Amino acid sequence: FKLKPDYPSHALEKGREGVCLVNYTIETNGKVRNVTAVDSECDVWFRKASIDAAKLFVYKPRVKNGMSVNIKSLTQPDLKLSGTISAIKYFEFNEK
């Protein structure tokens with residue numbers, strides 16, 4: 001389950017669109033922790049909304065060799081003025 005970020009009102013008033021790459025860990029229970037924005041890939045206008053939305057994401061736990069495992073993930077919503085997210089890029093890799 002991924003919650004769409006709320007479009008920041010200050011960005012809407014100024015007609016701004018943007019993206020924010022968010023980094024986090026998916027725990028063995030499917031909940032998200034350690035949510036941060038990747039500074040070099042985050043429009044400051046969308047940082048808080050993207051982080052807040054990612055904190056509420058819930059995933060089906062990943063299983064490896066019969067055991068639930070933590071997964072590191074990156075998500076990048078592309079926020080548009082129409083109030084839609086035109087694309088969400090999603091990447092994951094095993095936590096070491």
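**Exercise 1. In what order do the elements of the protein chain run from the N terminus on?**

Let's begin with the overall layout; keep in mind that this is a predicted model.

Step 1. Take stock of the elements: the chain has two helices and six strands.

Step 2. Read from the N terminus, and the order is α-β-β-α-β-β-β-β.

Step 3. Look at how the chain comes together. Of the contacts with a separation of 6 or more, 62% are between residues 24 or more positions apart.

Step 4. Turn to the surface. Of the 96 residues, 33% count as buried. The chain exposes about 5,900 Å², and carbon and sulfur atoms supply 54% of that area.

**Exercise 2. Work out how strands E1 and E2 are paired, and where E1 sits with respect to the surface.**

Step 1. Find the direction: E1 and E2 run antiparallel and are joined by five bridges. One of the residue pairs to look for is Val22, whose bridge partner in E2 is Ala37.

Step 2. Follow the chain through the turn. This hairpin has five residues between its strands, and Gly30 takes a positive phi near 90° there.

Step 3. Check the cover: seven of the nine residues of E1 are buried, so-called "mostly covered".

Step 4. Relate this to the core. The largest nonpolar core has 17 residues, among which Tyr24, Val35 and Phe57 touch the most other members. Strands E1 (18-26) and E2 and helix H2 (47-55) are the elements that give two or more residues to this core.

**Exercise 3. Find the disulfide and explain what it ties together.**

Step 1. Search the whole structure: there is one disulfide. Its partners are Cys20 and Cys42, with an S to S distance of 2.1 Å.

Step 2. Place the partners. Cys20 lies in strand E1 and Cys42 in strand E2, so the disulfide ties together parts that are 22 residues apart in sequence.

Step 3. Determine the handedness. The torsion about the S-S bond is about -90°, so this disulfide is left-handed.

Step 4. Decide whether the partners are buried. The cut-off is under 20% relative accessible area. Cys20, at 0%, is buried, and Cys42, at 10%, counts as buried too.

**Exercise 4. Go through three of the salt bridges and describe the setting of each.**

Step 1. Start with the count, which comes to four salt bridges.

Step 2. Take Arg16 and Asp43, whose side chains meet at 3.1 Å, N to O. Arg16 lies in the loop between helix H1 (9-14) and E1, and Asp43 in the loop between E2 and H2, so the pair ties together parts that are 27 residues apart in sequence. Arg16 is partly exposed at 30% relative accessible area, whereas Asp43 is buried at 17%.

Step 3. Move on to Glu27 and Arg33, whose closest N and O atoms are 3.1 Å apart. Glu27 is partly exposed at 23%, and Arg33 is partly exposed at 26%.

Step 4. Finish with Asp52 and Lys48, which meet at 2.6 Å, N to O. They are four residues apart in helix H2, and are therefore separated by about one helical turn. Asp52 is partly exposed at 33%, but Lys48 counts as exposed at 61%.

**Exercise 5. Describe the surroundings of Glu41.**

Step 1. Locate the residue: Glu41 is in strand E2 (residues 32-42).

Step 2. Judge its exposure. Glu41 has 40% relative accessibility, so the residue counts as partly exposed.

Step 3. List the contacts beyond four places in sequence: Val19, Cys20, Leu21 and Gln76.

Step 4. Compare sequence and space for Gln76. Glu41 and Gln76 are 35 residues apart in sequence, with their C-alpha atoms 8.8 Å apart.

Definitions and conventions. Residues numbered from 1 in each chain as written. Predicted model: local features only at pLDDT ≥ 70, side-chain atom pairs only at ≥ 80, totals over all residues. Heavy atoms only, no water. Buried < 20%, exposed > 50% of the residue type's maximum accessible area, 1.4 Å probe, protein only. Contact = heavy atoms within 4.5 Å. Core = buried A, V, L, I, M, F, W, Y, C linked by side-chain atoms within 4.5 Å. Areas by Shrake-Rupley, 256 points an atom, 1.4 Å probe, with all protein chains shown as cover. Pairing = 2+ DSSP bridges. Disulfide = S-S within 2.5 Å.
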